[in-house]
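Me: Hi! I've just opened this one and would like a walk through it before I set anything up. Can you keep me company?

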Amino acid sequence: MAVTKIRVLIVDDIAETRENIRKLLQFESDVDVTGAARSGKEGIQLAQELDPDVVLMDINMPDIDGITATEVIRQKSPHIQVLILSVQSDGNYMRKAMLAGARDFLTKPPMGDELISAVRRAGEMAHTERAKGAQQRLVTAGSSGLPILMSSFAPAASGKIVTVYSPKGGTGCTTIAVNLAIALNNEDTRTVLVDANLQFGDVAVFVNEQGKNTILELAPRVDELESEVVEEILIKHEASGIRILAAPQRPEMAEKVSADQFAKVLQFLQRMYAYVVVDTSSILTDVILSTIDISDVIVLVTTQEIPAIKNARLFLDLLQTMGIRKEKIVFTMNRYDKRIAITPERVSDNLKHEVSATIPLDEKIVITAVNRGVPFMLDNKSQPVGRGIFSLAEVVRARLTLLESENDLSLKR
């Protein structure tokens, strides 16, 4: 079977840079440089004419800057993935690029391996988006009376990926992820908890299970995984019944796991478990972004602190730019203290997104649970904080059911 090549358009106003990038990519059998543009305006035009999978976009150009060009290209052709290249590596540039719809942000001059890896990830995403678009067109054609084999588009029965994320560190994501996984787990809906904070993941510590197998045992063999092998590698938390895939034990080992490998591991776990709950870091690494891309539901965590609310607003804007439906987001307020004037209702009104779940403040129970390595859903689930997690679990289940029903309905139309 022939490999579908990744078609790349280079947009940069410096001829030497265009040529250097072309040279970096020319020996890759699965990459085809279909064109090069000398300005943002020309890049927009060629993107429409050539319809590439990936655009490598310089950020600073004389006529239309790369961020504006990215926004225009993504609005016209959402399947095209844009990789921003810039000599500026500060967070403000990166945030603007992501809000404009860029898939990745690389510092110039990019290293060969880094560039090729990013192009392949983006190319895979572009091919997936093209396929979705083609499927939707066929489904629409079918609803117009044209013959169509609907069964070929029926999704395989699989579990759901529930990602717990906060753009502000210290809001309690890991506490929520661990206890939510326990709340979702039962004999009918087995749950696996995955640590996506590959540098400083704490999930194993939260359940007092250090020194066991990690994601590093699965990542190198993602294309040949077997259920029996995966079961052996996962940590079995006897007290709760959940399974855990821990992060590497040392920060430098995180580099051994690519975003593509991590996403494939999650997708394999979907075949084995009803729920795949993913804990994350606040930094939007490639691994975190790829996880968000394939998530069925995103539990977005905030607190009553202004910086956390501000970052939640930015992240909601980013998700909209990424084309992720608002319904997929379960907005959650953690450590809710009724004595503070910033209520869930006020946050909902301000951000134009409903806070669907609140988990009350209870530092004594939560901190004690973390220090003991015994999640509070095991021995304090009847307390208000435990009831808050149960409520969140119910909201997540209900949201998944709603989304699945909507998806089934759209396929039947």
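**Helix packing and what lies around it**

Reply: Happy to! Let's start with a helix pair: α11 and α12 are oblique to each other. Keep in mind that this is a predicted model.

Me: At roughly what angle do the axes of α11 and α12 cross, and within what distance do they come?

Reply: The crossing angle is roughly 40 degrees, and the axes come within 11 Å. An angle of that size falls between the roughly parallel range, under 35 degrees, and the roughly perpendicular one, 65 to 115, so it counts as oblique.

Me: Is that crossing of α11 and α12 left-handed or right-handed?

Reply: Right-handed.

Me: And which residues meet there, α11 against α12?

Reply: From α11 you have Ile309, Ala312, Arg313 and Leu316. They meet Val347, Asn350 and Leu351 of α12.

Me: Asn311 is in α11 too, right in that stretch of numbers. Is Asn311 buried or exposed?

Reply: Asn311 has 15% relative accessibility, so it counts as buried. Setting aside residues up to four places away in sequence, Asn311 touches Pro167 and Lys168.

Me: Nice. What about α9 and α10, how do those two cross?

Reply: Their axes come within 8 Å and cross at roughly 35 degrees. The crossing of α9 and α10 is right-handed. On the α9 side the contact is made by Ala259, Phe262, Ala263, Leu266 and Gln267. The α10 side brings Asp286, Val287, Ser290, Thr291 and Ile294.

Me: Switching to cores. Which residues touch the most other members in the largest nonpolar core?

Reply: Val194, Phe262 and Leu269, out of 50 residues in that core. Helix α9, residues 259-272, supplies the largest share, with 7 residues.

Me: What is Leu269 in contact with, leaving aside its neighbours in sequence?

Reply: Beyond four places in sequence, Leu269 contacts Val192, Val194, Val230, Leu234, Leu245 and Val276. There is also a second, separate core of 40 residues, which includes Tyr275, Val299, Val366 and Leu403.

Me: Let's go to the N-terminal part. Which residues of α1 are buried?

Reply: Thr17, Arg18, Ile21 and Leu25 are the buried residues of α1, which runs over residues 15-25. Looking down the axis of α1, they fall within an arc of 100 degrees, so they line one face of the helix.

Me: Why would spacings like that end up on one side?

Reply: An α-helix has 3.6 residues a turn, so residues three or four places apart point the same way.

Me: And α3, which residues are buried there?

Reply: In α3, residues 66-76, the buried residues are Gly66, Ile67, Ala69, Thr70, Ile73 and Arg74. Down the axis of α3 they fall within an arc of 155 degrees, so they also line one face of their helix. The face turned away from that buried side carries the exposed residues Gln75 and Lys76.

Me: What covers the buried residues of α2?

Reply: The cover includes strands β1 and β2 as well as helix α3. The residues of α2 that are buried are Gly40, Gly43, Ile44, Leu46 and Ala47.

Me: Now the backbone oddities. What happens just after α2?

Reply: Asp51 takes a positive phi of about 50 degrees there, and Asp51 is not a glycine. It lies in the loop between α2 and β3. At 27% relative accessibility, Asp51 counts as partly exposed.

Me: Arg335 has a positive phi too, I think. Where does Arg335 lie?

Reply: Arg335 lies in strand β12, residues 329-336. Its phi is about 55 degrees, and with a relative accessible area of 36% Arg335 is partly exposed.

Me: Which peptide bond is cis, with omega near -10 degrees?

Reply: That is the bond from Lys108 to Pro109. Pro109 lies in the loop between β5 and α5.

Me: Last one: Ile235, in strand β8. Is Ile235 buried or exposed?

Reply: Buried, at 4% relative accessibility. Beyond four places in sequence, Ile235 touches Glu209, Lys212, Asn213, Ile242, Arg243, Ile244 and Ala246. The C-alpha atoms of Ile235 and Thr214 are separated by 8.4 Å, with the two residues 21 apart along the chain.

Me: Lovely, thanks!

How values were computed. Residues are numbered from 1 along each chain as its sequence is written. This is a predicted model: local features need pLDDT of at least 70, side-chain atom pairs count only at pLDDT 80 or more; totals for chains, interfaces and linings use all residues. Side-chain values use heavy atoms; hydrogens and water are left out. Buried means under 20% relative accessible area, exposed over 50%, partly exposed in between (1.4 Å probe, protein chains only). Helices (H or I, at least four residues) and strands (E, at least two) are DSSP runs, numbered from the N terminus. The arc is that of the directions from the helix axis to the C-beta atoms. Contact means heavy atoms within 4.5 Å. A nonpolar core is a set of buried Ala, Val, Leu, Ile, Met, Phe, Trp, Tyr and Cys residues joined through side-chain atoms within 4.5 Å. Axes are lines fitted to C-alpha atoms, for helices over the stretch in contact, and angles run from 0 to 180 degrees between N-to-C directions. Angles under 35 degrees count as roughly parallel, over 145 as roughly antiparallel, 65 to 115 as roughly perpendicular and the rest as oblique. A crossing is left-handed if the near helix is turned anticlockwise from the far one by less than a right angle, and right-handed if clockwise.
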